[in-house]
Amino acid sequence: MSSELAGRTVVLTRDPADNAALAARLRRDGAEVIELPCVHVEPLADMRPLRDALAALGESDWLVLTSRHGADAVARCGPTRAAVAVIGRATAEQMRAYGLRVDFEPTAATGERLARELPELGGVALLARSDRALSDLPRILRARRFAVREVVAYRTVAEARGDIDRVRGLLAARERPVVVFHSPSALAGMLAAIDAALVTRASIQVGGRATLRAVHDALGLDADVSLIREEAADVAHR
C-alpha cells in the first residue's frame with residue numbers, strides 16, 4: 001500500500017498509536033501524512049459484565065480479542081482460563097506486555113480470517129469487543145456452529161478530532177488526497193464533521209469489506225474507493 005502512495009497526501013483516520021507503523025512506512029516512501037483521528041475509545045464505566053463473562057470461561061473455551069483496546073480491558077479484569085485468540089500484531093503484543101498468553105492468531109489480521117480459521121475446542125467463543133463491533137466475525141463463527149457469546153469490553157466513539165479545517169480544505173482542492181478508513185466507525189466520525197460531498201472527492205482506501213460496504217452505502221457506488229491490498233499485521237480492529 002505505502003509504495004503506491006509515494007508523493008500523495010494521505011489522511012489517516014485512526015488513533016495515532018494505531019497508525020504508527022503505517023504512517024512510518026508512508027513517510028518513508030515519500031507520502032505526506034496527515035492524522036485526523038475520527039474514532040476514539042472510552043473504557044467501560046462498569047466492568048462487572050466483562051469480568052463476569054471472563055470468569056465464566058473454562059479451558060475448552062476461546063476468548064477472542066480484536067484490538068489492543070480489548071487487551072487493555074481484559075488485563076484489568078485479571079487472567080482467564082480460556083485459550084486466547086487475537087487479531088493483529090498490536091493486540092498480541094499488548095497481551096504479552098501484560099504477561100498474558102496468546103494461543104491463536106489468524107494468517108491475516110482480519111475478523112473474517114479469524115472466524116474461518118479458529119480451531120474448535122468444544123466450548124464457547126467469547127468475543128470481547130467494542131459496542132460498535134462488526135457482525136461478520138460472530139456470523140461466520142455461528143455458521144461454523146460455534147457457541148458464540150458477546151460482551152462489550154470498551155466503547156467506541158465516532159468523532160473527528162484534530163485539524164478538521166485543514167482536511168476539509170484539502171478535500172476541496174484540485175489535487176485530491178487519499179483518505180484511509182479501517183472501520184465504518186471512522187467513516188461515521190469523518191462524515192459527522194465534514195460534508196459527504198467533500199469526502200466523496202477523496203481517493204478512499206479501506207481495510208476490510210465491511211468498511212467498503214459502509215463507504216458505498218454512505219457515499220454511493222460512484223465513490224473512488226478500493227480495498228487495501230494487504231492488511232497490515234499490526235492493524236488494531238474495532
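**Strand pairing and helix packing in the predicted model**

R145 is exposed, with a relative accessible area of 75%. In this model, which is predicted rather than determined by experiment, R145 belongs to the loop that connects α6 (136–143) with β7, and its phi is positive, at about 70°, although the residue is not a glycine. Most residues other than glycine have a negative phi.

The strand that follows this loop, β7 (147–158), takes part in two pairings. With β6 (124–130), β7 runs parallel, and the two strands are joined by seven bridges; within this pairing, L127 has E150 of β7 as its bridge partner. With β3 (residues 39–42), by contrast, β7 pairs in the antiparallel sense, over four bridges, and here E42 stands opposite R155 of β7. Both senses of pairing are possible in general, since strands of a sheet pair through backbone hydrogen bonds, either parallel or antiparallel.

Helix α2 (residues 48–55) has L50, A53 and L54 as its buried residues. When the helix is viewed down its axis, these buried residues fall within an arc of 100°, so they line one face of α2. Such an arrangement can be read against the geometry of an α-helix, which has 3.6 residues a turn, so that residues three or four places apart point the same way. The buried residues of α2 pack against β6 and β7, and also against β4 (62–65) and α3 (68–77), whereas R48, D52 and A55, on the other side of the helix, are exposed.

A further element of the model is an open sheet of five strands, in which the order is β2-β1-β8-β9-β10 and the pairing is parallel. The edges are formed by β2 (32–35) and β10 (225–227), each of which has a single partner strand, so that one side of each is left without a neighbour in the sheet. From one strand to the next, the twist averages 25°. The partner of the edge strand β2 is β1 (residues 9–12), and these two strands pair in the parallel sense over four bridges, with T9 having E32 of β2 as its bridge partner.

Two helices lie across strands of this sheet. Helix α1 (residues 16–28) lies across β1 and β2, and its direction makes an angle of about 170° with β2. Helix α7 (residues 164–172) lies across β1, β2 and β8 (178–181), and runs at about 130° to β2.

Conventions
Residues numbered from 1 in each chain as written. Predicted model: local features only at pLDDT ≥ 70, side-chain atom pairs only at ≥ 80, totals over all residues. Heavy atoms only, no water. Buried < 20%, exposed > 50% of the residue type's maximum accessible area, 1.4 Å probe, protein only. Arc of directions from axis to C-beta. Contact = heavy atoms within 4.5 Å. Pairing = 2+ DSSP bridges. Axes fitted to C-alpha atoms, helices over the stretch in contact; angles between N-to-C directions.
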